[in-house]
Amino acid sequence: MTKGLAVLAFVLACSVPGTPLHAKDAATQAGLRLVSSSRAEARLIEIYRLTGNGHISEALTQARKLVQDHPNFQLAHLVYGDLLASRARPVRAIGDVPGPLDTSARSTLSALHHEAQMRIKALRERPPAHTIPSQFLALSPHVKHAIAIDASRSRLYLFANSEQGMTLLSDYYISVGKLGISKNVEGDRRTPLGVYFITNNLDPKSLGDFYGTGALPINYPNVLDTRRGKTGHGIWLHGTPPNQFSRAPRATDGCVVLANPDLNQIIRTVQVRATPVVISQRLEWVPEHSTVERRKPFEQVLTAWRNAKSSGDLNQLLSFYTADFNSHGKTLREWVPSLRNEVKRVRGRTIQLKDLSYLRWTDHADTMVVTFGEVPDGSRNGPTKRQYWIREGDQWKIFFEGVIG
Amino acid sequence: MLLLSVVVTPTRASTHDEVNALMRAGKFTVALDRANAYLNSQPRDPQMRFLKGVIQRESGQTSQAIATFTQLTRDYPQLPEPYNNLAVLYASQNEYEKARSALEMALRTNPSYATAHENLADVYAKLASQAYHKALQFDGNNTEVQPNLAMIREVFNTEAKGQSPILATAREVNRVEPASPSVEDPVRPSAANGIADEEVKSSVLAWAGAWASKSMKNYLGAYSPGYYPGNKSSRKQWEKERQQRILGKASISVQLENLEVQVQGDKARASFRQHYKADSFSASGLKVLELEKIGGRWLIVKEAIGD
């Protein structure tokens, strides 16, 4: 069946370069592990699979249903167009649109190719079982969910977290900045990289159509970003306008954009202020059981800091802070009096770090974002604090400390 | 498009032929009156109802034509032509999904119905184009032309096989008188006839070869300058349409089986079973070519398909 073969070729054509894999294997593999992923995407991949296996009629029927259910899903229209066209002529590649295309149509088409490629890639290159992104060194069981974004796969991974550890719940196709990642200055149309937290859940009624069914701002620029002189603001996770089911892999002004059904699921799941959002160029997945071992060195550092603070030895305590420490604009010298007051209030009691979480962010520097409730023995509660640590040689030091709740 | 002309069968000057002739002459009102008068006494007659539908379409009464053909598909679901024409009408209203369904029905009743195959390919191409437009979010300004789908106008034969009217589009029309020797055409040496036969055969094969190799110059050159495409379109339109159809295919294969040739003077008739394959579809069917020797070459003056 020549048309089956012709279309098979287009499925293969959009596979990841350098890792040739039969379309059938790829999609079957993807299909098997797809249960929790976006339903519309799963249907799209199933259409690719059917096409790759030469089941053109069935693929056509399913594509017709998919575009009926999601009339704004451009990629679904594209494969539907290919399948229809394959009835009248050979289709050589995904989106084998005939005729001369103007510049805008050509760039839309290449963006759709890119999107298809990213979706397939993310479904073929699955995180190994029982692994988590390396940034999550310690996550308090009170933090019920976590988000990790892999820009190289245009993918957002949503985790559940509990005493038993982290579990991957779902993952979703996402779009990032038009000019990619590593946001530096305001208006650079890039998505920031780092460890962030969801700061708010904006009422969709207060937003324009452009943002879809909602928006979850994150705390860009964070303390590390500010320290590095990065500028810009208003980085959100948000949805898509009514005429677009999803946007191109690189399409935003720096926000992370999800299809509305996917965003809705995330909005229903996450906790404002608690849910961490790690945005990475490429996530490194490490075995979850290795976490205990990997967190040990920093655990010791934290204990040493805690002991110093408990002991009331201010000089020893100050050795944990960088010279360029800054807390909401206060230099170390300006900040010492309040630290001294805190130490006085502790009165030598042992400090407990409750609900401790720490996420490691490593780029050209090695940093740690630490969150905990600081409760001296005998007290029922204490302030929730966040610290940013940086490794200087073999010494971890605090360059920011503040109360967040 | 392989569209067949409607030819009045000289031996059977029926009301059908008369209505047909009136329609061809553009006298739609009279033709429709005749058809209605006939249908008063023969209300189920599928041929006349079919003609009525064609007249309605030709005279711009699209919704009436749709009603006529829809009713025909209900009463004679085994006939592919009403489905085909229904599809043409739907397509003219940009209802391509409906056109697709109708053509698929036509092909269910007759899987080798070449016209429906070609029309369906056009409808698929149009649907694909619409899908691509949505995928690429072109602005609503769709400048693409509508596909030119072929309407079947023939009266089909209802005489065969009991109650079910059996399609006989091309078989009935374009019939050439049997090549019997006549006074004006004294018996020639058989060798001469043999040579003429071979000439015609090689012309037909050259025509098929030009078609399959998409050599438009040779393909169109195989037709006589006086060739009448038969679907009201001009020769020029027909050539353009053929060009689009043929060059639009990635690959074409045309095979002729049981090629038989009858030569009578400067006229010839070639009949054969044509196996046509283009890209994703194939169709087989009887084809009859009428040729005339013009300027030393055998050129096609009529082309007809049959089931």
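**Close-up 1. The second largest pocket encloses about 750 Å³ of space.** The volume is that filled by probe spheres set on grid points joined across faces, edges and corners; on a 1 Å grid over the protein atoms alone, a pocket is an open set of points where a 1.4 Å probe fits, with protein on both sides within 12 Å along at least five of seven lines, and lining residues have an atom within 4 Å of a point. This is a predicted model, in which local features need pLDDT of at least 70 and side-chain atom pairs count only at pLDDT 80 or more, whereas totals for linings use all residues. Residues are numbered from 1 along each chain as its sequence is written, and chains are lettered from A in the order in which they are written. The lining comprises 37 residues, and those nearest the centre are A:Arg273, A:Thr371, A:Thr384, A:Arg386 and A:Ile404.

**Close-up 2. Helix 2 (residues 28-41) and helix 3 (residues 46-58) of chain B cross at roughly 155°, their axes coming within 10 Å.** Axes are lines fitted to C-alpha atoms, for helices over the stretch in contact, with angles running from 0 to 180 degrees between N-to-C directions. Helix 2 of chain B is therefore roughly antiparallel to helix 3 of chain B (an angle over 145 degrees). Residues in contact (heavy atoms within 4.5 Å) include B:Phe28 and B:Leu39 of helix 2 of chain B, and B:Met48 and B:Ile55 of helix 3 of chain B.

**Close-up 3. Helix 1 (residues 15-24) of chain B and helix 2 of chain B cross at roughly 160°, with axes coming within 8 Å.** Helix 1 of chain B is therefore roughly antiparallel to helix 2 of chain B.

Methods: Heavy atoms only, no water. Helix = DSSP H or I, 4+ residues; strand = E, 2+ residues; numbered from the N terminus. Parallel < 35°, antiparallel > 145°, perpendicular 65-115°, else oblique.
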